[in-house]
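Student: I'd like a close look at one part of this model, starting from a single side chain and working outward. Could you take me through it in one go?

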Amino acid sequence: YLFCSWCKPCHRIQPVYEALSSHYEDAKFLTVDVDDYDGIASKYSVSMMPTFVVVKGDQVLGKYSGSNDGELHRFLKEQVGRSE
């Protein structure tokens, strides 16, 4: 989850992201402030906040930018799978 501390949609979606992270036991969920780590945003071509990137090894499997709860859940389900 790539965000900026000043981004209102990022603050709104963060509790949803944290709650959803507990549903996917086989995945690691990281939170990155791009103001502190702008190289990561560049590496994954992130231009909008918040952005969620699914990576396996060095390969990007998927990317979702936005703060819609349902779309984030759908994205994670498609990219990571459900383990509940």
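Is Cys 4 buried or exposed?

Tutor: Keep in mind that this is a predicted model. Cys 4 is buried, with a relative accessible area of 4%. Cys 7 also counts as buried, again at 4% relative accessibility. With cysteines like these around, disulfides come to mind, but the structure holds zero of them. For Cys 4, the closest cysteine sulfur is the one in Cys 10, and at 6.0 Å that is too far for a bond, given that a disulfide needs the two sulfur atoms within 2.5 Å.

From there, let's go to helix α1, which spans residues 8–21 and contains Arg 12. Arg 12 forms a salt bridge with Asp 69, and their closest N and O atoms sit 3.1 Å apart. Asp 69 belongs to helix α3 (residues 69–79), so the pair ties together parts that are 57 residues apart in sequence. Neither end is hidden away: Arg 12 is partly exposed at 42% relative accessibility, and Asp 69 is partly exposed too, at 34%. As background, side chains of opposite charge can pair when their charged atoms come close.

The count comes to two salt bridges, and the other one to look at joins Glu 71 and Arg 74, with 2.6 Å from N to O. This one stays inside helix α3: Glu 71 and Arg 74 are three residues apart there, about one turn of the helix. Glu 71 is partly exposed at 34% relative accessibility, and Arg 74 is partly exposed at 43%.

Now for strand β3, which covers residues 51–56 and includes Thr 51. Thr 51 is buried, with a relative accessible area of 1%. Its side chain makes a polar contact with the side chain of Ser 65, at 2.8 Å. Leaving out residues up to four places away in sequence, Thr 51 touches Tyr 1, Leu 2, Val 46, Lys 63, Tyr 64 and Ser 65. So if you're setting up a selection around Thr 51, that contact list is the one to compare against, and Ser 65 appears both there and in the polar contact.

Just before the strand, the backbone does something worth checking in your own torsion plot. The peptide bond from Met 49 to Pro 50 is cis, with omega near -5°. Pro 50 lies in the loop between α2 (38–43) and β3. Ser 45 is found in that loop between α2 and β3 as well, and it has a positive phi of about 50° although it is not a glycine. Unlike buried Thr 51, Ser 45 is exposed, with a relative accessible area of 58%.

Last stop, the empty space. Rolling a probe the size of a water molecule over the atoms shows where empty space is left. The largest pocket holds about 580 Å³ of space. It is lined by 26 residues, and those closest to its centre are Lys 28, Phe 29, Val 53, Val 54 and Val 55. Strand β3 gives the most to that lining, with five residues. Helix α3 takes part as well, since β3 and α3 each supply at least two residues of the lining.

Key. Residues numbered from 1 in each chain as written. Predicted model: local features only at pLDDT ≥ 70, side-chain atom pairs only at ≥ 80, totals over all residues. Heavy atoms only, no water. Salt bridge = Lys/Arg side-chain N within 4 Å of Asp/Glu carboxyl O. Helix = DSSP H or I, 4+ residues; strand = E, 2+ residues; numbered from the N terminus. Buried < 20%, exposed > 50% of the residue type's maximum accessible area, 1.4 Å probe, protein only. Polar contact = N/O pair within 3.5 Å; in protein donor to acceptor, adjacent residues only side chain to side chain. Contact = heavy atoms within 4.5 Å. 1 Å grid on protein atoms, 1.4 Å probe; cavity = no way out; pocket = protein on both sides within 12 Å on 5 of 7 lines; lining within 4 Å. Points joined across faces, edges and corners; volume = space filled by probe spheres on them.
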